[in-house]
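Here are a few notes to help you find your way around. Please have a look at the model first, then read on.

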Amino acid sequence: MNPVTAPWVRTRLRAAPGAAVALAVLVALTACLAAAFPRALDRYTDAGLRQSVERAPVDESGILVTAGPDLDAGVAHTEESVRPERLAELYRSTLDTVGRPLVIDEKRSSYGVRTTEPLPSPDRWLPRPDGLPAEMLLAAPHGLADHARLRSGRLPEVTGGEASVRTAEVQAAVTEETARILHIEVGSVIHLPGSHGLTVRVTGIVVPEEADSPYWSVVSLLRTPSLRRMPGPMGVSNPSYWVGGLLLAPEAAPALLGATTTVRYWHLAPDPDALHSRDVDALASAVASLESGPGLERLHATISPLTDVATGLDAAFTAYEGLRGDIGPLVLVAASGAGTVAVVVLLLAGGLATDRRRAELALLRARGASVRGMAGRLLAETAVVAVPAGALGLGAALLALPGARLLPALWAAGAVTAVACLALPLRAVAAHHAVRIHAVRIHDGRRDTASPRASRRRTVAELTVVVLALGAVELLRRRGTADGAGGLVAMAPVLVGVVAALVLVRLYPLPLRVLARPARRLRGAVGPLALARAGRTSASTVLPLLALLTAFTVAAFGGSVLSGVADARDRAALISVGADGRVEAETALPAGLTGRLGQAPGVRKVTEVGLDYRARTADGRQSLPLAAVDPGDYAALAGRTRLGAFPAGELRRPDSSEDGAEDAVLPALASPTVAERFGDGAFQVRLADGGFATLRIVAVRDRTPAVYGDDFLVVDRAGLPAAATRPNVLLLTGDGDGLDAGAVRRAADGAGTVHLRSEERGRFVDSPLQSGAERVYTTAVAAGAGYAALALLLSLASAAPERAALLARLRTMGLTRAQGRRLLVLESLPQALPAALGGVLTGWAAVRLLSPGIDLTTIAVSSTASPAGRAELSADPWSLAVPAVAVLVLTVGVAALQAWWSGRRGAVAELRAGDAR
């Protein structure tokens, strides 16, 4: 009879289904996060690029190719060069010239012929605001029927054969807005004198399908008339006149040649869905080729040697690259931190599985199993669980974040799955490379003691990590997070946490062993036993501490970044507005407005300011904004906002300046530039009403709430004439919950322009790059914290069987349940406390070390210049304290729960003959 051998993988999965399910959940979650990161990066960087292009002016967000008619081969050839067939042929050739990855959206693109300058019309029935004749721009665009809806009449056409230079009358359509403003109706006739004179008969009125599309917006006169003014001296009301647009049939283009100078145009609008951040360099190269490279040479050869290409896409791409270059490295720092913690947890899970099956694997080796065979069986056993879980995590990421590249996500999920599959086999090979017969004995010695001396390899590896960390910190401090700084710089916060973990692993058992000796003199056995057990450490504590301290560093760094960004935006918004809210008008505000605003929900204080923007120096050459305030109220506001705080007494008028006497000298608060110009002597300022005020600068501040700018003066309004101090600015202070925008605007009732700090803050977040980077940081901090908690739970779970057996033995010796709880809590605290304190110190040190190289200005306000200046990184107390407290609470809670559970099971269930625990 042949023996039946049970399959290894099936047997192992049935023996430990809980461990298999836990591994599957861990791998699926990690693979999902790993695959989601590159897809989220693609989505928000692509959105940022598209927004950068869309926000460019319409005439700059596309490519405009222009060329005059062909004039080299006679009139017939010139007429042929502007006919629709030739224009369509050149349009296809132009599309073929555009290089990949720049894709043109043909539905939004257009081409045709138009006049270069509008022609005046002598028809007096057209509106003449100041007696000047209206002017008309003529165009023969292609595809008018596809981009407009006919409201009345019919579309223009050419009658009586082909149009030519000598054609004297053509048909045209106008937009609904042009017809309304210029009083044009179907059947109207417009005369346009030119080289041969041209009569235009309006046959239809159309409504643009998409009025803001490039078809209608590149030359906006074709959609909406414009009221222009004649050039003349400034300050004089120059006469104005209307300029409108007439839309001819494409076949009528040759008729424009006899009227005035014409130009052929091809406007190419890029396809937004084809713009990808990863292609921005290639996109810039494609645009440069059309502007002044091989592409332009081909256009010269196919269209005309005088073909011109104009676009603003290169500027949009450059601005986007600058923003991405400032934000991208910061995102890489967050991703590297969270990724490192996740990898450590996967390795920890494999290491704990190896320790749990130590006797089993040693028995296999003792009974003749080869290292390769053992590793292969463990790899198959793990892969059966990890590969489907990794595929499930990848699928979840693909469903959650559609519209991004597949390959980076596939590589990320594959890397996570590979680490999960290889952690157990490699750790088992390293631990059981040599056959150890004594390892399979019933009592195999104590496993909770540390080696008397670290190996040389470990020492060399740790020194290498220290050198890398020092190099990364120094590079980051010198070069900052500039694009191209390298992966080593991005790993700087992680390396700081790794070095701290290595130092803590080497040092923390020493003071515990020293404290264990005097603890023996204490009454009771719980304290000495807890210290003695806590002082015995093994290599299995390295990975949990590494995960904890790395997560601490990532949380502190990421939390400080988020806090710094929020503070920078709040500060910039406060400087821009001057308070929580601002109501401002050019003239004096109504007398009762201050009271109404003071009663609005959320308003705690209203500060009046008479702001004179037309105040000038005595010689009248330079404007000098002058703010007339009540010193007490204004000083309180400046102190609350920290915008140039000053003692109220410094600004109060002297007694001799009552009733605004011009000969009295008023104390003034000034900006540094104004103080440098006038010094500490008395000087005169001309007010808006023509009067003069004599001032002397007594205080200098960089900023003040009432005025945003580098030049300002602030004086006591009691020393100025009443007419010059009527408040036209009201600064609102909220009660802490924020101002109610609707209530403030209802109270203002249109008396002035309302600016709110909360709304101004929202304007600083105007790019998907900013919001995407913030979401990545938030996710990285949350993921790092979650993996750190998981590492702590895995570490405690690995020691749970041994602790349960210890409590069972001690209970047989008379240990009570309360003493058992205290024992486990006291045993866990000497490891949790150094980890928590070390994490706080490490996080604070990492932020302090790396802050000189971190500039948060771009991610905070989407530009390199902020009203509040450079946004620096500083340690956030909450980001340091919350993880530390969470670790302590989790450790104590798990220890107490374990003691309670062990007490319920009883000693008999834990003590079995031959159990080596």
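The points below cover a helix pair, the nonpolar cores and one serine.

1. A word on the source: this is a predicted model, in which local features need pLDDT of at least 70 and side-chain atom pairs count only at pLDDT 80 or more, while totals for chains, interfaces and linings use all residues. Residues are numbered from 1 along each chain as its sequence is written, and side-chain values use heavy atoms, with hydrogens and water left out.

2. Start with helices H11 (residues 313–356) and H14 (residues 407–431), whose axes come within 8 Å and cross at roughly 30°. H11 and H14 are therefore roughly parallel to each other (angles under 35 degrees count as such). In contact (heavy atoms within 4.5 Å), H11 offers residues including Leu346, Gly350 and Thr354, and H14 residues including Val416, Ala420 and Arg427. By type, the residues of this contact divide into 9 nonpolar, 3 polar and 2 charged.

3. Next, the largest nonpolar core has 96 residues, and Leu246 and Trp266 are among those with the most contacts inside it. Such a core is a set of buried Ala, Val, Leu, Ile, Met, Phe, Trp, Tyr and Cys residues joined through side-chain atoms within 4.5 Å. H11 gives the largest share of this core, 11 residues. Apart from it lies another core of 48 residues, among them Leu348 and Val416.

4. Finally, is Ser560, in helix H20 (residues 542–577), buried or exposed? Ser560 counts as buried because its relative accessibility is 1% (buried means under 20% relative accessible area, with a 1.4 Å probe and protein chains only). Its contacts beyond four places in sequence include Val847, Leu873 and Asp876.

Terms used: Buried means under 20% relative accessible area, exposed over 50%, partly exposed in between (1.4 Å probe, protein chains only). Axes are lines fitted to C-alpha atoms, for helices over the stretch in contact, and angles run from 0 to 180 degrees between N-to-C directions. Helices (H or I, at least four residues) and strands (E, at least two) are DSSP runs, numbered from the N terminus. Angles under 35 degrees count as roughly parallel, over 145 as roughly antiparallel, 65 to 115 as roughly perpendicular and the rest as oblique. Ala, Val, Leu, Ile, Met, Phe, Trp, Tyr, Cys and Pro count as nonpolar, Asp, Glu, Lys and Arg as charged, and the others, Gly among them, as polar.
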